Amino acid sequence: MQRSHVLVVDDDETLRDLLSEVLTMWGYQVAAASTAGEAFELLRTQLFEVGLLDIRMPGMSGIDLLREMKRHDPSIEVLMMTGDPTVPTAVEAFKLGAYDYLMKPLVLEELRHRLGHIVERRLLREEVHSLRSRLGEQLRVSDLVGTSKRVAEVKDVIVKVAATDSPVLIDGESGTGKELVAAAIHRLSPRASGPFITVNCGAVPTDLMESEFFGHVRGAFSGAVADTLGLFRSAHGGTIFLDEVAELPPPLQVKLLRALQEREVRPVGSTKTYSVDTRVIAATNRQLEEAIKDGKLRQDLFYRLNVIRIVMPPLRERKDDVPALVTHFLRRFNQRFGREVQGIAPEAMAALLAYDFPGNVRELENLVERAYALGARDAITLADLPALVSPVPPIAPATPSPARTPLSGLQPNTVPTLAEAERELILRALELHGNDRTQAARALGLSTRTLYRRLKEYGVL
């Protein structure tokens, strides 16, 4: 069984040393700090289950440290210690999430009893979390990890809009957590007991889209051997999340607009319409205003979806949240892999903080999981991470390179067709990004699915 890790914070060296010795004897792992600043440095790179905090310390008080600890890692249980208790201070500590209050001089048996209760409580919480994960209920607003101003604003909007039925449009780069936001809105809404259905609009075959969304009746087309409800009717009483909504073809956009306006759908091959009570949340990683100008998205559909807009910030704009995110992922992967990784080495954390994360939070999660998969045990070290180099925008040369002039695959002194120019630009993007199709698609402003389709059309695949 994993030994709980306890952080002792007290400016009294004698008491600090005594607690470290006693807790170690009781089977706990112990780290000690004399100030709140020292404690927070330990929190940035190590996992702790329990904190023992003195209320009165030089500099930042124990109450202020409690507040910051809970922001960084809400799962830490904190016992406050004081020799001069006051009712207002005790009330504030409990409001901030303190587990209990201990009077100085400490009674060691009382401390041992409280720590035992905390361990039991954590075990129960982990069991509940495991059950929720199996039931698919782990996506909640509390899983939006971070204390930055941008994340706090997103959480505030989620809480406000959850109680309404208005459509929500979530805008942000890939990997920023758009589905997490959609799921959090659903879980906090009156529809929480209803279904939450996620649809990747870019992954549904074009010829099956209408049937997938609105259902069909038996015999509507070849292979339709039975009636199907479709995604909208399946989400009745709940929420449907349309990811990458800008990838929908124009004919389906018209039908989606009608479903949003009339709150009813008609299955393929049927003359009957069905009422649907479904909240729609959509997401995109594209600039929808540009998609409207390009004729790829209907303006009226955009206005129908864009009632409430939530913009997810990229991780490079909230790097202060990286330590808290790492802590969150360490706890998750310790449970999944059955490990006892207790933290991350300072040089490894420094490398993460210096990286821009083009793949955002999903990329950070993958880096932590990779370290586990490669055998990380006590702590994640720099050796457990790949070489992290933030992409640098290419600088255009002063003169064209003789090896490849602009649109060099085209004949000189001719005007290329649009198809020829597009093919050449795609090849340039692939070359620039080392044949990484995902990065090339992002640079061209295309979805990966669209890029694959273009490559097939131009005979590159």
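In this predicted model, Glu110 is partly exposed, with a relative accessible area of 30%, and the carboxylate of this residue takes part in a salt bridge with Arg114, in which the closest N and O atoms are 2.7 Å apart. Both residues belong to helix H5, which spans residues 108-134, and because they are 4 residues apart there, about one helical turn separates them. Arg114, at 18% relative accessibility, counts as buried, since the cut-off for that class is under 20%. Side chains of opposite charge can pair when their charged atoms come close.

A search of the whole structure finds 27 salt bridges, and among them is one between Glu247 and Arg286, with 3.3 Å between the closest N and O atoms. This pair links distant parts of the chain, 39 residues apart: Glu247 lies in the loop between strand E8 (239-243) and helix H10 (250-262), while Arg286 lies in the loop between strand E11 (279-284) and helix H11 (288-293). Glu247 and Arg286 are both buried.

Another salt bridge brings together the side chains of Arg263 and Asp277, at 3.1 Å from N to O. Here too the pair links distant parts of the chain, with the two positions 14 residues apart: Arg263 sits in the loop between H10 and strand E9 (264-265), and Asp277 in the loop between strand E10 (274-275) and E11. Arg263 is partly exposed, with a relative accessible area of 36%, and Asp277, at 31% relative accessibility, likewise counts as partly exposed. The contact does not stand alone, for salt bridges with shared partners join Arg263 and Asp277 with Asp165 and Arg191 into one network.

The aromatic side chains offer a second route through the model. Over the whole structure, the search finds 11 aromatic pairs. In one of them, formed by Phe302 and Tyr303, the ring centres are 5.5 Å apart and the planes meet at 55°, so the pair is classed as tilted. The two members differ in their exposure: Phe302 is buried, with a relative accessible area of 6%, whereas Tyr303 is exposed, with a relative accessible area of 52%.

Phe337 and Tyr372 make a further tilted pair, with 5.3 Å from centre to centre and 35° between the planes. This pair links distant parts of the chain, since Phe337 belongs to helix H13 (residues 322-337) and Tyr372 to helix H15 (residues 360-373), 35 residues apart. At 30% relative accessibility Phe337 counts as partly exposed, while Tyr372, at 0%, counts as buried. Together with Phe329 and Phe333, these two residues form one aromatic cluster.

The last stop is on the surface, where Asp11, Asp12, Glu13, Asp17 and Glu21 gather in a patch of negative charge. Within this group, Asp12 lies in the loop between strand E1 (5-9) and helix H1 (13-25). Asp12 is partly exposed, with a relative accessible area of 37%, and therefore clears the threshold of over 30% that patch residues must meet. The patch is also defined by what its members lack, because residues that form a salt bridge are left out of it; in this respect the acidic residues of the patch, Asp12 among them, stand apart from Glu110, which is paired with Arg114.

Notes. Residues are numbered from 1 along each chain as its sequence is written. This is a predicted model: local features need pLDDT of at least 70, side-chain atom pairs count only at pLDDT 80 or more; totals for chains, interfaces and linings use all residues. Side-chain values use heavy atoms; hydrogens and water are left out. Patches are made of residues with over 30% relative accessible area and no salt bridge: like charges are joined within 9 Å, nonpolar side chains (Val, Leu, Ile, Met, Phe, Trp, Tyr) within 5 Å. Accessible areas come from the Shrake-Rupley method with a 1.4 Å probe; for residues, only the protein chains shown count as cover. A salt bridge is a side-chain nitrogen of Lys or Arg within 4 Å of a carboxyl oxygen of Asp or Glu. Lys and Arg count as positive and Asp and Glu as negative; His and the chain ends are not counted. The place of a charge is taken as NZ of Lys, CZ of Arg, CG of Asp or CD of Glu. Buried means under 20% relative accessible area, exposed over 50%, partly exposed in between (1.4 Å probe, protein chains only). Rings of Phe, Tyr and Trp (its six-membered ring) pair if their centres lie within 6.5 Å; planes under 30 degrees apart count as stacked, over 60 as edge-to-face and the rest as tilted.
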